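Me: Could you take a close look at the sheet in this one and walk me through how its parts fit together? After that, tell me what surrounds the ligand.

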Amino acid sequence: MEEYQGFNMASWDERAPAHAASPDYAVEKFIADPAYLSEVVRFDLPRLGDIGGLRGVHLQCHIGTDTISLARLGASMTGVDFSAPAVEHATDLAGRTGADARFVCADVYQAADAVGRGTFDLVFTGVGALCWLPSVQRWARVVASLLRPGGRLFIREGHPMLWALDDERDDGLLVVDYPYFERDEPMVFDQGGTYVSTEAEFTHNVTHQWNHGLGQIVTALIEAGMEITALTEHDSVPWDALPARMTKLEDGEWRLTDRPWRLAHSYTLQAVRRG
Ligand SMILES: C[S@@+](CC[C@H](N)C(=O)[O-])C[C@H]1O[C@@H](n2cnc3c(N)ncnc32)[C@H](O)[C@@H]1O
């Protein structure tokens, strides 16, 4: 295991149980209401289309709430995550909801070895996934290797321009402080807390992260044998990415309170594996 994986895994292992217990991940709603879908999946319903009958793999599935939402839309889902506690919570939730979803503990770069090559109709990922990976080219090759020819990638992700902003200012300015482009050196953070409401306190707080420019992501996918079929930039993001400067919307998304048109907050990108 590389150094970055050890730091990041320890951080996620500790946060997964707190996330499963937080109202923000709405685990109880999944159990109480068999039709309940995560806000992330609901947001993209018009772009997802009919996924009934598809074999899907969800990379970096965390505690499985989006994975189970996709299963509820009719896909047969496999979730992959390198955090054993996250996979345990996801497996438990699938059992309690009867969802057509199974979960495998593996690093994303080893996903094809773990779940099989060239057989999936759909790769779904995003919402705080790419920032944990040092190479977007390597990720794109994994995506392509999982898909059958004609299979589709669907990713909703925080926009690299958003990731590049200083998220601790309180003066209303949008200040570019972190790399926009992927660099070899990780950004190393030492931050307690997490992005959902919880009383839990954490001890594993050092993480290694990378940004990836939008052009780098698109180019990596094309070079891996994918054809880009859709790219939509959004003026909202599913979490409170710039605390004290965003307003929560009715659909659970967050948007800059002041002149949100200044910033692409997130994007949904789709691509199909060439034959
Ligand atoms: C922000 S969370 C997942 C976001 C997901 N959309 C959600 O909210 O449920 C990021 C996930 O990536 C996983 N992860 C980070 N680095 C990974 C890696 N190298 N291989 C596999 N999973 C990884 C973490 O364990 C965590 O569950």
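Reply: Let's start with one pair: Glu157 has Tyr267 as its bridge partner, and Tyr267 sits in strand E11. This is a predicted model, by the way. The two strands here are E5, covering residues 147-158, and E11, covering residues 266-273; they run antiparallel to each other and share seven bridges.

Now zoom out to the whole sheet. There are seven strands in it, the sheet is open, and the pairing is mixed. Reading across, you get E3-E2-E1-E4-E5-E11-E8, which puts the E5 and E11 pair next to E8 in that order. At the edges stand E3 (101-105) and E8 (226-234); each has a single partner strand, so one side of each has no neighbour in the sheet. As for twist, neighbouring strands are turned by 15° against each other on average, ignoring direction.

Helices pack on this sheet too. Helix H6, residues 84-97, touches strand E2 (76-81) and E3, and its direction makes about 165° with that of E3. Helix H10, made of residues 214-223, lies across E5, E8 and E11, so to speak back at our starting pair. Relative to E8, H10 runs at about 160°.

One more helix deserves a stop: H8, residues 136-146, which holds Ser145. A polar atom of the Ser145 side chain lies 2.8 Å from the backbone oxygen of Val142. If you set aside neighbours within four places in sequence, Ser145 is in contact with Ala112, Arg117 and Gly118.

On to the ligand. What surrounds the ligand, and which residues are the closest? The shell counts 18 residues, and the closest are Tyr25, His62, Asp81, Asp107 and Val108. By class, that shell has 10 nonpolar, five polar and three charged residues.

Val108 turns up again when you look at polar backbone atoms: one of its own is 2.9 Å from a nitrogen atom of the ligand. For Gly126, a polar backbone atom is 3.1 Å from a ligand nitrogen, and for Val127 the corresponding distance from a polar backbone atom to a ligand nitrogen is 3.4 Å. How much of the ligand does the protein bury? Taken alone, the ligand exposes 590 Å², and the protein buries 97% of that.

Technical notes
Residues are numbered from 1 along each chain as its sequence is written. This is a predicted model: local features need pLDDT of at least 70, side-chain atom pairs count only at pLDDT 80 or more; totals for chains, interfaces and linings use all residues. Side-chain values use heavy atoms; hydrogens and water are left out. A residue is near a molecule or strand if one of its heavy atoms lies within 4 Å of it. A polar contact is a pair of N or O atoms within 3.5 Å; within protein, one must be able to donate a hydrogen and the other to accept it, and residues adjacent in sequence count only if both atoms are side-chain atoms. Accessible areas come from the Shrake-Rupley method with a 1.4 Å probe; for residues, only the protein chains shown count as cover. Ala, Val, Leu, Ile, Met, Phe, Trp, Tyr, Cys and Pro count as nonpolar, Asp, Glu, Lys and Arg as charged, and the others, Gly among them, as polar. Two strands pair if DSSP finds at least two bridges between them. Helices (H or I, at least four residues) and strands (E, at least two) are DSSP runs, numbered from the N terminus. Axes are lines fitted to C-alpha atoms, for helices over the stretch in contact, and angles run from 0 to 180 degrees between N-to-C directions. Contact means heavy atoms within 4.5 Å.
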